Amino acid sequence: MLGFITRPPHRFLSLLCPGLRIPRLSVPCAQPRPRAMAISSSSCELPLVAVCQVTSTPDKQQNFETCAELVREAARLGACLAFLPEAFDFIARDPAETLRLSEPLGGRLLEEYTRLARECGLWLSLGGFHERGQDWEQTQKIYNCHVLLNSKGAVVATYRKTHLCDVEIPEQGPMCESNSTMPGPSLESPVSTPAGKVGLAVCYDMRFPELSLALAQAGAEILTYPSAFGSVTGPAHWEVLLRARAIETQCYVVAAAQCGRHHEKRASYGHSMVVDPWGTVVARCSEGPGLCLARIDLSYLRQLRQHLPVFQHRRPDLYGNLGHPLS
């Protein structure tokens, strides 16, 4: 089944295939699924998710207005859950500005997103909020916090990024996230949503398959990696890693991404996408802010796991239990 990049009239939404790009027109974006894995469910019965791509700057209010416009568009098109990328709130020029612009979870910005979720009646994955935690006074550092809101605006889960990106990539420049950020202490159990059970992660976490395996063993059906990938690692690793995580866990993978130039010191790769459990990219964004849509077919996921039962074939007696199940 082919996905197409399109911006359809709302009345035609129920006729669309799993992957759509907004707002460009009629470009194929997904490969056919194997015949053995054909979808049996009617597409109009499947939950629709929206993946938002933005170019955050240090201007928090402008960033919110941009994200809110995409979320309202997602709601208008019938999505039940919208995913925003890492640093949806802002991308600062330096660690000092990052700390100055950060807020607690009970601050003004999260209140605005709470109202937005209620207004639109959909769930929101806020992919990486610069959070002043309860230890702010002692550490003067923040957390990179993935917040999940339900359609009533309530916080149903928070995951604080456990793997911090301290790297030096030639031609991309050094990044030392730990200069301003504390690593999270634990993983968050998958959360039941209208689209399926969602496992929370953030960006650099995708390089650690133990995390995705732990979430899958805990019942995740959708893994989400909101990100701000660089211009060098992006073309080389972005799609490869996302498809690998989908294949090895037999989960859908949803990756909302930052794109374009945020300010004079930083740019991001973009290419937000949704990958199905077979490893097929069923929806993607290309250049610039926008959103893509995908339908989540859990019957297809269960069928695939039945045909290819890799979790039953694991040999922890030989190599240990990679990705211990969450308690």
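What follows is a dialogue between a student and a tutor about reading a predicted model of a protein chain.

Student: Before looking at single residues, how many helices and strands does the protein chain have?

Tutor: Since this is a predicted model, we read its features as computed from that model. The protein chain has eight helices and 19 strands, and of its 327 residues, 55% count as buried. Among the contacts with a separation of 6 or more, those between residues 24 or more positions apart account for 71%. About 13900 Å² of the protein chain is exposed, with carbon and sulfur atoms supplying 53% of that area.

Student: How should I read a helix, and which residues of α6 are buried?

Tutor: The general idea is that an α-helix has 3.6 residues a turn, so residues three or four places apart point the same way. Here, helix α6 covers residues 233-249 and reaches 23 Å from its first C-alpha to its last, close to the 24 Å expected. Its buried residues are Thr233, Gly234, Trp238, Leu241, Leu242, Arg245, Ala246 and Thr249. They cover an arc of only 125° around the axis, which puts them on the same side of α6. On the other side, Pro235 and Val240 are exposed, and just after the helix comes glutamine 250, with a positive phi of about 55°.

Student: Which residues touch the most other members of the largest nonpolar core?

Tutor: That core has 49 residues, and those that touch the most other members are Trp238, Leu242 and Val274. Leaving out residues up to four places away in sequence, tryptophan 238 touches a list of residues that includes Met206, Tyr225, Phe229, Ala255, Tyr269 and Met273. There is also a second, separate core of 30 residues, and Cys67, Val71, Ala79 and Cys145 are included in it.

Student: What covers the buried residues of α5?

Tutor: In helix α5, residues 209-217, the buried ones are Leu211, Ser212, Leu213, Ala214, Leu215 and Ala216. Their cover includes the strands β8, β12 and β13, together with helix α6. After α5 comes glycine 219, whose phi is positive, near 110°.

Student: Is histidine 146 buried or exposed, and which backbone atom lies 3.0 Å from a polar atom of its side chain?

Tutor: For such a residue we look at its place, its accessibility and its surroundings in turn. Histidine 146 is found in strand β7, residues 143-149, and it is buried because its relative accessible area is 0%, where buried means under 20%. The atom you ask about is the backbone oxygen of alanine 201. Among the residues that histidine 146 touches, not counting those up to four places away in sequence, are Ser125, Leu126, Tyr159, Leu200, Val202 and Pro226.

Student: Where is glutamate 177 placed, and what is it in contact with?

Tutor: Glutamate 177 sits in the loop between β10 and β11, and it is buried, with a relative accessible area of 12%. A polar atom of its side chain lies 2.9 Å from the backbone nitrogen of cysteine 165. Its contacts, leaving aside neighbours within four places in sequence, include Glu86, Asn144, Lys161 and His163.

Student: How far apart in space are alanine 96 and serine 180?

Tutor: Separation in sequence and distance in space are two separate readings, and we take both for this pair. Alanine 96 and serine 180 are 84 residues apart in sequence, and their C-alpha atoms are 7.9 Å apart in space. Alanine 96 lies in helix α2, residues 95-101, and at 55% relative accessibility it counts as exposed, because exposed means over 50%.

Methods: Residues numbered from 1 in each chain as written. Predicted model: local features only at pLDDT ≥ 70, side-chain atom pairs only at ≥ 80, totals over all residues. Heavy atoms only, no water. Helix = DSSP H or I, 4+ residues; strand = E, 2+ residues; numbered from the N terminus. Expected span 1.5 Å × (residues − 1). Buried < 20%, exposed > 50% of the residue type's maximum accessible area, 1.4 Å probe, protein only. Arc of directions from axis to C-beta. Polar contact = N/O pair within 3.5 Å; in protein donor to acceptor, adjacent residues only side chain to side chain. Contact = heavy atoms within 4.5 Å. Areas by Shrake-Rupley, 256 points an atom, 1.4 Å probe, with all protein chains shown as cover. Core = buried A, V, L, I, M, F, W, Y, C linked by side-chain atoms within 4.5 Å.
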